[in-house]
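Reader: I would like to learn how to read a structure feature by feature. Could you walk me through one?

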Amino acid sequence: MASSRKNSSVALAALVGFCLTHAAFAQEEFGRVTAGPVADTLRKPNETMLSFERNLSTYLWNLGLNYQRSSPTWSVDLRQLFRSSLVRVSQKFIKDEEAVSFLVGKKLSDRFDFQLDGSSLVFSDNRAIGIDRASSHSTLVGLRYLVNNVGTISPSIGVRFDNQTGQQDKGVSYRFLTQIGELDISGYRMNFQGRFSGDRITPRKGESHAATLSVEKTFVEQTTDTLRVQFFRNRRDFYFPADSVVAEEFGVTNNIEQRIEEIIDVSNELNYGAGRNLLFTFSGNLRQRGISKNINYKTVSSLTGGLFDTDISEFRLETFIQGRYRSERTSALFRVMFSERDENHEAKSFPGADRLQFESRKRNEARKNNSSRRTALTGNAQFGVTKSNVLSLSAFTSLLRYDTPSAENTDDRDELLLVFSLSDQQSLGKNLSFILSADVVLNHTVYLFASRSANNNWNRVFRLSPRIDTRLGARFKTANTFEVLANYTVYDFEDQVFSVRSFSFRQFSFIDSSTYQLSRRVAFDLAIRLKLYERGQLRWKEFKERPENYFEDRTFFCQFRYSPSAGVSVAVGFRYFSLTRFRYQAQDRVFENRLVNYGPTCMIEWTMKRNARLLLSGWYETQKQTSIPANSFSNLAMTMNFGL
């Protein structure tokens, strides 16, 4: 065992060195990855980030870059994100993604700027069922024109290269951006933003259009009205393998699935100030959404029999009236909300299609049609009983009616939801505070058809949670939380239906988190969590239960932290976790199995100049389970950030 642990320690050290020097090039043989504008996962501009994590048989790599520079005549914006994951089980599963985007601007005059921008996405996944490899690269050149100091217009044109399922396409890519605002016309403040882009990579097309117009008017102090109109249209074409009949008839290897989404959204919000402390809000929103799925190559003799185009339309109405009161020691809110949603699915035929197949597909789509209506009331209030005592109350209730017009869909139901919450927070001097929270959640689900009524049930959840925060001087602080939770699910017709049984879930938990500053440089951290929970069958009318399972969940963690200088912290500790399961025989609790994880932990944090930071943490874990030989694993996580 000692030799095994020594070898594991050597392997862990080697792994740290490897990820420091090679993480950016992991799984290079499987290809790099790309996507449109890269999501900014870094903490701030002009920073690079490298992270690695190993958890049992899973390895994760991340590498990111965010670089921005500008001068009176030049500007540069570069973003990059690389992700890689490796799962080592009976075989290796590897997934890589890399996204890069850049934007370079050159000032030509007071009104014209030259722009060069591009993006790249590469994706590979050796366990993907559908698309296992894909890439997309585009570069555009254009101008940015300043319109009389009230807006900008930016047209661009370029080329795009796309690779999906081994088929390479290329074509023209264009983009038109415009922004106008803030225009003030007779007291109406207007803003407009638009983005219109498209790709013509024959035989596929791509579109991404978005436009937003907002108009705001202030009538008197605290009284404003805002109207917003939005439009979105997105089109994406995807390859999928063509069956043998389609391939022979049209001479293609891949068929094309076209997905088009269009959204029109109109909203209006009126805020009316009735005095200094009271504000009313009236809001309404209309949203129309349509999704079309079309297949390019269709034939009556297709082996799949499912090459029918489909349309989905969704209409949504949301409105609410709200009143808010605020004073020096009291605040309150009350809202009445109503929403309505209708969703319709439709299959579309094509010349020569088999009538029986189409009727079957049409019925399947119609079965998905549904409509829902929800009415809700919300109220909450805070009272400053004294300067050190705050009382909070909140309540929420809603009624949902869900209907399906198809006789083949029996999911019609009504749902009633009631939520009540009470919280009392008291500060007993500077070093002691107390919080008591109580919550009640009641949910009743009623299915309208007899075939589903066996699932009608009440779910009742009760929770009581006191918390105590204590500070003794400048060195010691601790937070202790206790929680008692009871969850009862009661079926309405369990007396008539043998297959359903009401059940209960009860839990007690205790959490302690403490820190003691032993000296200026040394601190001790302690965390303890205990959870005891039980599940059993319930007879609600007699309020009796027959326990079935009992669990004990224990977690213990402690560590010493040493900070030799500013920006440097080293910690070593120990972590223990156990989960014990029991079953019941009559009223006796019988042991079933136990899972135990334990081992030493370590952490190094080093903050250097120029926003450079290194965080390294590890856990050598020994895992034991009843009737299974013990195993040991090393877990490692590392993050590095460098300012540029």
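## Reading the strands and their contacts

Author: Gladly. Keep in mind that this is a predicted model. Let us start with a pair of strands: strands β8 and β9 (residues 188-201) run antiparallel and are joined by 12 bridges.

Reader: Which residue stands opposite Ile180 in β9?

Author: Phe192 is the partner of Ile180. The link between β8 and β9 is a hairpin with two residues in between, and Ser186 in that turn has a positive phi of about 55 degrees.

Reader: And how many bridges join β7 to β8?

Author: There are 14 bridges between strand β7 (residues 151-164) and strand β8 (residues 167-185), and these two run antiparallel. Ile153 is placed opposite Thr178 in β8. Here too the strands form a hairpin with two residues between them, where Thr165 in the turn has a positive phi of about 50 degrees.

Reader: How should I think about the side chains on a strand?

Author: In a regular strand they alternate between the two faces of the sheet. For a case here, take Met190, which sits in strand β9. Met190 has 25% relative accessibility, so it counts as partly exposed.

Reader: Which residues does Met190 touch, not counting those up to four places away in sequence?

Author: Met190 touches Ile180, Gly181, Glu182, Leu183 and Ile185, and also Leu213, Ser214 and Val215. For a contrast in distance, the C-alpha atoms of Met190 and Asp439 are separated by 45 Å, with their positions 249 residues apart along the chain.

Reader: Can you show me another strand residue?

Author: Try Ala438, in strand β19 (residues 432-447). Ala438 is partly exposed, at a relative accessible area of 26%. Its C-alpha atom is separated by 5.2 Å from that of Leu422, 16 residues apart along the chain. Beyond neighbours within four places in sequence, Ala438 is in contact with Phe420, Ser421, Leu422, Arg463 and Leu464.

Reader: What about salt bridges? What is the idea there?

Author: Side chains of opposite charge can pair when their charged atoms come close. A search of the whole structure finds 42 salt bridges. In one of them, Arg189 pairs with Glu216, and the closest N and O atoms are 2.4 Å apart. This pair links distant parts of the chain, with Arg189 in strand β9 and Glu216 in strand β10 (residues 204-220), 27 residues apart.

Reader: Are Arg189 and Glu216 buried or partly exposed?

Author: Arg189 is partly exposed at 21% relative accessible area, and Glu216 is partly exposed at 29%.

Reader: Where do I find a salt bridge between loops?

Author: Look at Arg367 and Glu408, whose closest N and O atoms are 2.3 Å apart. Arg367 lies in the loop between α3 and β16 (370-386), while Glu408 lies in the loop between β17 (389-403) and β18 (413-427), and the two are 41 residues apart. Arg367 is partly exposed at 29%, and Glu408 is partly exposed at 45%. Salt bridges can also share partners: Arg160, Asp162, Asp169, Asp199 and Arg204 are joined into one network in this way.

Reader: Now the aromatic rings. How is a pair described?

Author: By the distance of the centres and the angle of the planes. The structure holds 18 aromatic pairs. The rings of Phe52 and Tyr59 have centres 6.4 Å apart and planes at 40 degrees, so this pair is tilted. Phe52 is buried, with a relative accessible area of 2%, and Tyr59 is buried at 11%.

Reader: Which pair ties together parts that are 50 residues apart in sequence?

Author: Phe308 and Phe358, a tilted pair with 5.6 Å centre to centre and 50 degrees between the planes. Phe308 is in the loop between β13 (278-295) and β14 (309-326), and Phe358 is in helix α3 (residues 355-366), so the pair ties together parts that are 50 residues apart in sequence. Both Phe308 and Phe358 are buried. Elsewhere, ring pairs link Phe462, Tyr488, Trp540 and Phe543 into a cluster.

Reader: And the chain as a whole?

Author: The chain has three helices and 28 strands. Of its 644 residues, 35% count as buried.

Note on methods. Residues numbered from 1 in each chain as written. Predicted model: local features only at pLDDT ≥ 70, side-chain atom pairs only at ≥ 80, totals over all residues. Heavy atoms only, no water. Pairing = 2+ DSSP bridges. Helix = DSSP H or I, 4+ residues; strand = E, 2+ residues; numbered from the N terminus. Buried < 20%, exposed > 50% of the residue type's maximum accessible area, 1.4 Å probe, protein only. Contact = heavy atoms within 4.5 Å. Phe/Tyr/Trp six-rings, centres within 6.5 Å; stacked < 30°, edge-to-face > 60°. Salt bridge = Lys/Arg side-chain N within 4 Å of Asp/Glu carboxyl O.
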